[in-house]
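Let's take a friendly walk through this fold together. The report starts with a word on terms and then moves from the whole chain to its parts.

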Amino acid sequence: MQNTRSPLRRLTRSAAALGLAVPLTVFAVAGPAGAARIVGNGWASLHGSTQASYAGGYGGYSSGPEGYAYSGSPFGGYGSFGSGSGSVGSGSGSGQTTQATDEATSTATAAQSVGLVEITSVLDFGEAESAGTGMILSSDGTVVTNHHVVAGATSITVTDVATGKTYTARVVGADATDDVAVLKLADATGLTPVAVDEEGTGVGASVTAVGDANGDGGTLTAAAGSVKSLDSTITVQDDDGTSSTLAHEIEIAADIIPGDSGGALYNSDGKVVGMNVAASEGSAEVTGYVIPIARVESVANEILTGETSSEITYGYGAFLGVELSSASTAPLVSAVIDDSAAAKAGITAGDTVTSVGGTKVGTATGLKSAVASHQAGSQIAITWTDQSGATHSAEVTLGRAPVA
């Protein structure tokens, strides 16, 4: 099978293996074939090695001292909310529309769609969206997907493909190392979970990867293929330059693309043996990577039982909504997010935050730690000084930070 598609990418990391969530309104990639960087936490502008970018994409977490104060991740805040001109493939790379139209793909059957959901993750104050797939684990609305599908989100909606019913969802917890996240749907009853085969699959076995290819909603796409390996390790590079791995993945020859993240890998008996997570780029044939379902269930169970682990984060952190100046070691505000706790309190650019919840802060790191010590929805006192040196105080309700 020949495939002339430009590089695909996962939205949280970069490597020869790339993940599969996509911004809802952009189904294209830009730049020449070759190793492509993956930027952002579920919201990256898609671009090739030429760094062409797409308007509306989410630049992800920066590593410097400047950023929006929230808990649950390094005090880096956000990158640009899309830096292109709005046209597909803006920048020096060439744009090419990605569609799941190869001969190895087809419309998923009704049976293959049962137990699968389409996930829309939204960064409310950045007006950015990401799309992916998930699997129902319980009739009362427990859903599992990739961490990178929901990372960076402040609100999530989930549609049961079999019934067409849409639910709001919250993140129960996530393991970024294994790239697994557990969601809980609000007011969900009577859902049909996927049928799994925990014994897995074997090399050479026929399999079919199913997901919301291109993140366009509606019917799902099925990509038929075969198992190449049961123990592949993918080396990835995070946006800050640090390397990490996805280990012990199932490697398949199947045409999975952005939007398939979190979807199901079925064996010939129609049972789920894995969860789609990544695909290769820069080659004639697509190689997919899948997390074995036994490991997905193991991580999900750890999250659902509240296990304490350095690899698992739970729920949402608190969010103040100030961007800090990189020109000062003090928590000097350079910008304020509209409708955030800080904006409602009356904090403006040029002010300096001096205390959070009764804790004095004198540095950006101190502010981050103080915010992180509270939960989203907490009502606390904030004190700051304006440019004239006058002191102000207000009671605020901390918002919900993006999923870390």
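## Terms and overall picture

Helices and strands here are DSSP runs, of at least four residues for a helix (H or I) and at least two for a strand (E), and they are numbered from the N terminus. With that in hand, Asp339 can be placed in the loop between β21 (333-336) and α4 (341-345). Please keep in mind that this is a predicted model.

The protein chain holds 26 strands and 5 helices. Of its 404 residues, 54% are buried. Among contacts with a separation of 6 or more, 64% link residues that are 24 or more positions apart. The chain exposes about 15,200 Å², and 48% of that area comes from carbon and sulfur atoms.

## The largest nonpolar core

The largest nonpolar core has 28 residues, and the members that touch the most others are Leu116, Met135, Val210, Val272 and Met275. Two or more residues each come from β12, β14 (221-238), β16 (264-266), β17 (272-280), β18 (288-292) and α3. The most generous of these is α3, with 5 residues. In general, nonpolar side chains tend to be buried together in soluble globular proteins.

Val272 gives a good view of this region. Beyond its neighbours within four places in sequence, Val272 contacts Met135, Val194, Ala195, Val196, Asp197, Ala264, Leu265, Tyr266 and Ile293. Another core lies apart from the largest one; it has 22 residues, including Ala364, Ile380, Trp384 and Ala394.

## Helix α3

Helix α3 covers residues 293-304, and its 12 residues reach 16 Å from the first C-alpha to the last, close to the 16 Å expected at 1.5 Å a residue. Its buried residues are Ile293, Arg295, Val296, Glu297, Val299, Ala300 and Ile303. An α-helix has 3.6 residues a turn, so residues three or four places apart point the same way. After α3 comes Gly306, which has a positive phi near 75 degrees.

## An open antiparallel sheet

Four strands form an open sheet in the order β23-β22-β24-β25, with antiparallel pairing. The edges are held by β23 (359-360) and β25 (391-397); each has a single partner strand, so one side of each is left without a neighbour in the sheet.

Within this sheet, β22 (residues 352-356) runs antiparallel to β24 (residues 379-385), and 4 bridges join them. In this pairing, Val356 stands opposite Ile382 in β24.

## Loop residues worth a look

Most residues other than glycine have a negative phi. Asp179 has a positive phi, near 60 degrees, and Asp339 has one near 65 degrees. Is each of them buried or exposed? Asp179 counts as buried because its relative accessibility is 0%, while Asp339 counts as exposed because its value is 65%.

Asp179 sits in the loop between β11 (166-175) and β12. A polar atom of the Asp179 side chain lies 2.8 Å from the backbone nitrogen of His147.

Gly190 belongs to the loop between β12 (180-185) and β13 (206-211). With 68% relative accessibility, Gly190 counts as exposed. Its C-alpha is 5.0 Å from that of Ser139, although the two residues are 51 apart along the chain.

Key. Residues are numbered from 1 along each chain as its sequence is written. This is a predicted model: local features need pLDDT of at least 70, side-chain atom pairs count only at pLDDT 80 or more; totals for chains, interfaces and linings use all residues. Side-chain values use heavy atoms; hydrogens and water are left out. The expected span of a helix is 1.5 Å times one less than its number of residues. Buried means under 20% relative accessible area, exposed over 50%, partly exposed in between (1.4 Å probe, protein chains only). Contact means heavy atoms within 4.5 Å. Accessible areas come from the Shrake-Rupley method with a 1.4 Å probe; for residues, only the protein chains shown count as cover. A nonpolar core is a set of buried Ala, Val, Leu, Ile, Met, Phe, Trp, Tyr and Cys residues joined through side-chain atoms within 4.5 Å. A polar contact is a pair of N or O atoms within 3.5 Å; within protein, one must be able to donate a hydrogen and the other to accept it, and residues adjacent in sequence count only if both atoms are side-chain atoms. Two strands pair if DSSP finds at least two bridges between them.
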